[in-house]
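This report is intended for a reader who has not met this structure before. Please look over the sequence and the structure before reading on.

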Amino acid sequence: MTDLGTSPDEVQFRFRDDEPADHGTVTADACCDQTNATAVRIEPGDDARTLLPFLDRLALIEVNFPSFGDGRGYSSARILREAGYTGELRAVGDLGIDQLSHMRRCGFDAFAPDKPLDAEDAERAFSTWDNVYQRTTDGRRTIPELRHE
Amino acid sequence: MYKYDSYDQQMVDARVEEFRDQARRRLEGKLTEDQFKPLRLMNGLYLQLHAYMLRVAIPYGTLNSAQMTALGDIADKYDRGYGHFTTRQNLQYNWIKLEDAADILADLAKVEMHAIQTSGNCIRNISSDHFAGAAHDELVDPRPYAELLRQWSSFHPEFTYLPRKFKIAVIAAEKDRAAMRLHDIGIQIVEKDGKIGAAFYVGGGMGRTPMIAPMIRDFVPLDQLITYAEACLRVYNRYGRRDNKYKARIKILVHELGKDEYTRQVEEEYAHMQQQGVEPPREELERIKPFFADPAFEVGAKSVDRSDPDFALWVDRNTHRHKHDSYVSAVISLKPVGGIPGDATGEQIRIMARLAQQYSFDELRIMHTQNVVLPHVKIEDLHALWTALDAADLGAPNMDSIEDMIACPGLDYCALANARSIPLAQRISEKFDASGKTEKLGELKLKISGCINACGHHHAGHIGILGVDRKGVENYQLSLGGSEAEDTSLAKITGPGFTEDGVIEAVEKVTDVYLDVREDGERFLDTYRRIGMAPFKEALYD
């Protein structure tokens, strides 16, 4: 296996208590062929749904953002969480402060930005929204739900 | 109209703080301009030719007089005393300083307004029928559905970095007053078997590749409206082209996949989404609806005293039939002869606000044709209203006439433009007003864009003008036969382009052809559809 993915050392923010998976990440295509892979990295053009048959054995899925303006990874993340994936979902690549809150909402629970981010700014960013309008798999009660409790 | 609750207010306040923080990080050098640009765009802040431009959202074009007054005050305090109403029912300030932007957003937040998602590759402000809740011909008021969509689309975590901008319009009448089928998603609220639901049209748009949206589903149950929209967006976010910004709109995806394949993918995603519980609780729509309940209409006069011909002309031209027979909707034209289409001074904006308070249950609408509507005016108040409007230079009796043209800001402001639109609009309205031809021509929708991006809707004009750059000289292409209404069609280019003087003469010629050959009751568009392009070409080029 190659060092395709990020190492746990490169993860700057993590919202999980389990041991971070080491790299050894394979591509989405290779994951389908390699029955023992436990960590995979997907690119913006990959169909996250090809991973669905293998979710049980995956401990880490990295979603690469080569450019922060390419939002396909947000859909990939939600699709994986909607399918019941509970392992680490790591956003890697060109991540900025201003993408963190939305990424978190889409199911990412680990972040490995290319360039380390200011920790104080990041903390503020993660708590940008006291409440939210949309239902995602992050378990938050939405504003429409809170209104009708 | 809709009132924020503490949650809505909290979201807007949070956004102001977020933007303040972004501006701070930009100034501290923590954000490069490339990183900052999409963030400021998502707060409506553009860098134009001479200054920053701030675009303020007016959800589905509805606002109250306090909000309108605030818009006038901001024009005076932070701009050069003007606001410019846009074709997506918003308002732009063209002379803004970056350092004032956060303060303006804070001023807006005080009256439940914002500039959220008025630009950027995200879901933009939801637009709607400007006569919603007032028109005699609507099935229901479309605005509760638009409000539901507004909340859903605000800060949507999955759809903030789409391939390209995304525009949604919602209507609820057969008559389309919102160019619904020229939007990324057009929603028509319809009735089927005694139930209300939504027909979805997806993949329309103007720009350099104009397309009319095909209907992909004739009936989405109302308790699945958001779920279906979410499915449409997810397919687009995943598969819309990102290799070429000119091919990135959803219309290209729908066109390249074909309507049937796109629909199949949406239906598949929809079936999946229905298991995800993304739809807001049904009670939410019921909570929203009463905000749009009818005001307390009173029975009154059903007709006006027509002894003043100027007033009678304005009533004929600028009022629209209301669902209550003692009321009309009154259109305030922002197209005075020789004026800049869509512009109003701070003082005029405040006057319109006062008149709305006095005569229209505190409510105003912005039209996509860059005018303002007082939706509920008592027929017996019309003369007093008209008198006040006329005194403020807001009484032009020209709705839907050739003088009521749409024009983009063009090369006078816009960094993208190839040619000027405003001077052309001014000269055409002066010319037709002076010759008295405007009246004879009746309904004639002229739309002018200063570049191929088509912000002036030239593809949808009965007569369209597109400014291009030809070897460093402004050149104008003429097109005929477009419509943004329920009979949506795309205009066809007449032939070689014209100089600025030449295109004004060309407009004159095509209107002469129409006047010569029109049959009873035909509009320009009807005549064009009957006789085709040839007679017009002959008049223009032979």
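The following paragraphs treat the contact between the chains, the domains of chain B and one sheet of chain B.

The model is predicted.

**The interface between chain B and chain A**

Chain B brings 48 residues to its contact with chain A, and chain A brings 38 residues. The area buried between chain B and chain A is about 3,700 Å². Carbon and sulfur atoms account for 52% of that area. On the side of chain B, B:Pro157, B:Tyr161 and B:Arg238 together provide 21% of the area that chain B buries against chain A, more than any other three residues.

Between chain B and chain A there are 14 salt bridges. One of the salt bridges links A:Asp70 with B:Arg242, where the closest N and O atoms are 3.4 Å apart. In addition, 29 residue pairs, both at pLDDT 80 or more, are in polar contact across the interface of chain B and chain A.

Six elements are listed as giving two or more residues to the side of chain B that touches chain A: helix H1 (6-27), helix H2 (33-41), helix H5 (143-153), helix H6 (225-239), helix H8 (259-273) and helix H9 (282-288) of chain B. The largest share, eleven residues, comes from H1(B). By class, the side of chain B that touches chain A has 17 nonpolar, twelve polar and 19 charged residues.

**Domains of chain B**

Chain B is assigned domain 1 (6-110), domain 2 (134-288), domain 3 (309-391) and domain 4 (406-541). The centres of domain 1 of chain B and domain 3 of chain B, taken over C-alpha atoms, are separated by 26 Å. In the contact between these two domains, 23 residues of domain 1 of chain B meet 22 residues of domain 3 of chain B.

The two domains bury about 1,800 Å² between them, with 58% of this area on carbon and sulfur atoms. Of the area that domain 1 of chain B buries against domain 3 of chain B, 32% is supplied by B:Ser65, B:Met68 and B:Phe85, more than by any other three residues.

Polar links also join domain 1 of chain B and domain 3 of chain B: the count is two salt bridges. In a salt bridge between B:Arg350 and B:Asp76, the closest N and O atoms are 2.7 Å apart. There are also 14 residue pairs in polar contact between the two domains, both residues being at pLDDT 80 or more.

Strand E3 (62-64), helix H3 (65-78) and strand E4 (82-85) of chain B each give at least two residues to the side of domain 1 of chain B that touches domain 3 of chain B. H3(B) has the largest share, eight residues. This side of domain 1 of chain B divides into eight nonpolar, 13 polar and two charged residues.

The table sets out the two contacts.

| Contact | Buried area | Share on carbon and sulfur atoms |
|---|---|---|
| Chain B and chain A | about 3,700 Å² | 52% |
| Domain 1 of chain B and domain 3 of chain B | about 1,800 Å² | 58% |

**A sheet in chain B**

In chain B, five strands form an open sheet with mixed pairing, in the order E16-E17-E18-E19-E20. Strand E16 (406-407) and strand E20 (492-493) of chain B each have a single partner strand, so one side of each is left without a neighbour in the sheet.

Strand E17 (residues 446-449) and strand E18 (residues 463-470) of chain B run parallel and are joined by four bridges. B:Leu446 has B:Ile463 as its bridge partner in E18(B).

How values were computed: Residues numbered from 1 in each chain as written. Chains lettered and ligands numbered in written order. Predicted model: local features only at pLDDT ≥ 70, side-chain atom pairs only at ≥ 80, totals over all residues. Heavy atoms only, no water. Contact = heavy atoms within 4.5 Å. Buried area = accessible area lost by both parts, 1.4 Å probe. Salt bridge = Lys/Arg side-chain N within 4 Å of Asp/Glu carboxyl O. Polar contact = N/O pair within 3.5 Å; in protein donor to acceptor, adjacent residues only side chain to side chain. Nonpolar A, V, L, I, M, F, W, Y, C, P; charged D, E, K, R; others polar. Domains from an automatic or database assignment. Pairing = 2+ DSSP bridges.
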